[in-house]
Amino acid sequence: MSQPAVSLRHVSKHYLRGGQVIDVLKDIDFDIAPGDFLALMGPSGSGKSTLLNLIAGIDQPSGGQIIVDQVDIATLAEAELADWRASHVGFIFQFYNLMPVLNAQENVELPLMLTTLNARQRKEHASLALEMVGLSDRSSHYPNELSGGQQQRVAIARALVSDPSLIVADEPTGDLDRKSAGEILDLLGQLNTELGKTIIMVTHDGRAAERAHAIRHLEKGELSALEMLQPAKV
Amino acid sequence: MRLSRIPLHYVWRNLFTRKLTTVLTAGGMALVVFVFATVLMLEAGLKQTLTATGLAENVVAIRKGSQTEIQSGLSRQEASIIESSAPIALNAMGRQLSSREAVVLISLQKKGGTCSKSDPPTPPCTNKPANIVVRGVGAQGLAIRPQAKLIEGRRFLPGSAEIMVGRAIADGFEGVQLGASLHFARRDWTVVGIFDAGKTGFNSEIWGDAEQMMQAFRRLNYSALVFQLRDTDAYASTQKKLEADQRLTAEYKRETQFYADQSKVMASFISILGSVLSAIFSVGAIIGAMITMYAAVANRTGEIGTLRALGYRRRSVMLAFLLEALFLALLGGVVGLILASFMQFFAVSTMNWQTFAELAFSFTLTPIIVLKSLLFALLMGMLGGFLPALRAARLQIVDALRAA
Ligand SMILES: Nc1ncnc2c1ncn2[C@@H]1O[C@H](COP(=O)(O)OP(=O)(O)OP(=O)(O)O)[C@@H](O)[C@H]1O
Ligand SMILES: [Mg+2]
């Protein structure tokens, strides 16, 4: 197997609150292979989101190395890190985080504004992404005109439109009913198997976690052993 | 390279989703811009009127050191010397185009709010007198001022106690209609004509025969000599020549400059007053914009976090919020200017403190004023939007996302 997609080495994260040090993550060490689909589980407050944010480059570790696609992102300057996120990471949030004043098409085009694509190409790419999530007919709808499941599908289109190798999802089905959640998980599975995206998904839902290749449990800042569900596709 | 890659429609649609706040904030800015523009329009109207009063080919000679014709005195002898040594243009009959003038101030009642005889007097019964320039002109006085056109009646006859009044006087004052008789300098003067000199100071004057005025006002000296140059470019050499003449104590200005100078004191007062007023009012508008923009940042904290996560830099976020404040200000600026443009339909008649004479002029909107007003609005937007935009840019991504 080639280089891991993500390697964490002795990663720690602590917060200072009222003069007190709160250790959220302690000496985390693990690798994710390219094309893997990992579910992160654990009780509330165990540091799942914190860990995901570190891997996605929107938070800085207190110590250790985070190597994603052979780049130690902890050493990147802030502006470089922003550019790195734009081209390497797709985000999926629990509450979709679409821009309410932009329609589906425009929301999906948002990450493309950071690329060198021209307006016509952006439009084409965004339309294609919306087609992949089955929402071509909703491209001119605004988020408040879409159901939660549809909004999350727009968000998935937004996450995949710039063709990042890594997709991070923080409780992507946390706010959805079982049917919509199923559709979202199907889409994520598709991104993994058909497009080869590496996916890290935080979830509380055991059924959701079963869609992944492997599950990691986080408890009190420490990671459990890997629990394999299905063989990782290489 | 695109400055902020955040799409502009994201910026301005956000303004229109919170319509009420936008309208109120932009409205506040519009009022300030209105005040700002109106004052500038007043200043421009004053300047334009006085600058348009003179002609470049005419030269005004007044006694050295006197600011106005009223204070000036020029002897008959001096007038003759100037006329004989300056390159003065001739008319078809071979006469020199020069006018020896006597300028005095008289007091007249302004129309409106006066206690008229016919109507029952209205409660605020104020008789507002104003100083009016009476200009006695020489035989060629009208020929060198082609901008003054007779619109009613006829010209005064030389050697008679006849006068013609400017349009602004005819419109704004009591008892100056055609055929009326005015009493001043112990004589009765008959109004035989009304002239329109457009947007110039002459429109606020009364003209008659210079020699008649000299007698009536018991003057020995003229106030000024105004002559037309044969060649307008000869001004500098003429001025040099006349100033070198030991017999003369006058100073010589182009007529355009002469009147433009008369606008200085009032124009600078208006512009200082305007700047002070605008500055004071703008504080309110800037604070208003700041509150609005801080609220926008607070409401959209989650969106800011999302944009940053997607790869937008701090700079882009900063610029997006600054642009939003600038759009808001521009909106206010445009509305304020539209309101101010209606002021062009109003004219003001007031005393020019420099000459103590009544002068009618109108609010004048110029491209420079439009530009200045919009820049002023943008400056308010910039000042109001800067700190909120900075706050937006300085948010930590995870904190912003958590706040959503
Ligand atoms: N900015 C912060 N300052 C102080 N403590 C923080 C901060 N952010 C997170 N924490 C703490 O870090 C711990 C882990 O938070 P995190 O959001 O990663 O948990 P989580 O596992 O995602 O929980 P949940 O399942 O509820 O989303 C929590 O105890 C939280 O209070
Ligand atoms: Mg969490």
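## How chain B meets chain A

Across the interface of chain B and chain A, the rule picks out three salt bridges. Keep in mind that this is a predicted model. One of those charged pairings joins Glu106(A) to Arg13(B), with 2.6 Å from N to O between the side chains. On the chain B side, the elements giving two or more residues to the surface that touches chain A are helix H1 (8-17), helix H9 (301-310) and helix H12 (397-403). Of these, H9(B) brings the largest share, six residues.

Here's the interface in numbers:

| Item (chain B with chain A) | Value |
|---|---|
| Residues from chain B in the contact | 21 residues |
| Residues from chain A in the contact | 25 residues |
| Area buried between the chains | about 2,300 Å² |
| Part of that area on carbon and sulfur atoms | 59% |
| Residue pairs in polar contact (both at pLDDT 80 or more) | 10 residue pairs |

Who does the heavy lifting on area? Arg13(B), Leu310(B) and Arg313(B) supply 25% of what chain B buries against chain A, more than any other three residues. So Arg13(B) turns up twice: in that trio and in the salt bridge with Glu106(A).

Chain B also has a greasy spot to look at. Val265(B), Phe269(B), Ile272(B), Leu273(B), Val276(B), Leu277(B), Ile280(B), Phe281(B) and Trp353(B) make up a nonpolar surface patch, with about 800 Å² of accessible area together. Trp353(B) sits in the loop between strand S11 (347-352) and strand S12 (357-362) of chain B. Its relative accessible area is 38%, so Trp353(B) counts as partly exposed, and because patch members need over 30%, that value clears the cut-off.

Methods:
Residues numbered from 1 in each chain as written. Chains lettered and ligands numbered in written order. Predicted model: local features only at pLDDT ≥ 70, side-chain atom pairs only at ≥ 80, totals over all residues. Heavy atoms only, no water. Patch = residues over 30% accessible without salt bridge, like charges linked within 9 Å, V, L, I, M, F, W, Y side chains within 5 Å. Areas by Shrake-Rupley, 256 points an atom, 1.4 Å probe, with all protein chains shown as cover. Salt bridge = Lys/Arg side-chain N within 4 Å of Asp/Glu carboxyl O. Helix = DSSP H or I, 4+ residues; strand = E, 2+ residues; numbered from the N terminus. Buried < 20%, exposed > 50% of the residue type's maximum accessible area, 1.4 Å probe, protein only. Contact = heavy atoms within 4.5 Å. Buried area = accessible area lost by both parts, 1.4 Å probe. Polar contact = N/O pair within 3.5 Å; in protein donor to acceptor, adjacent residues only side chain to side chain.
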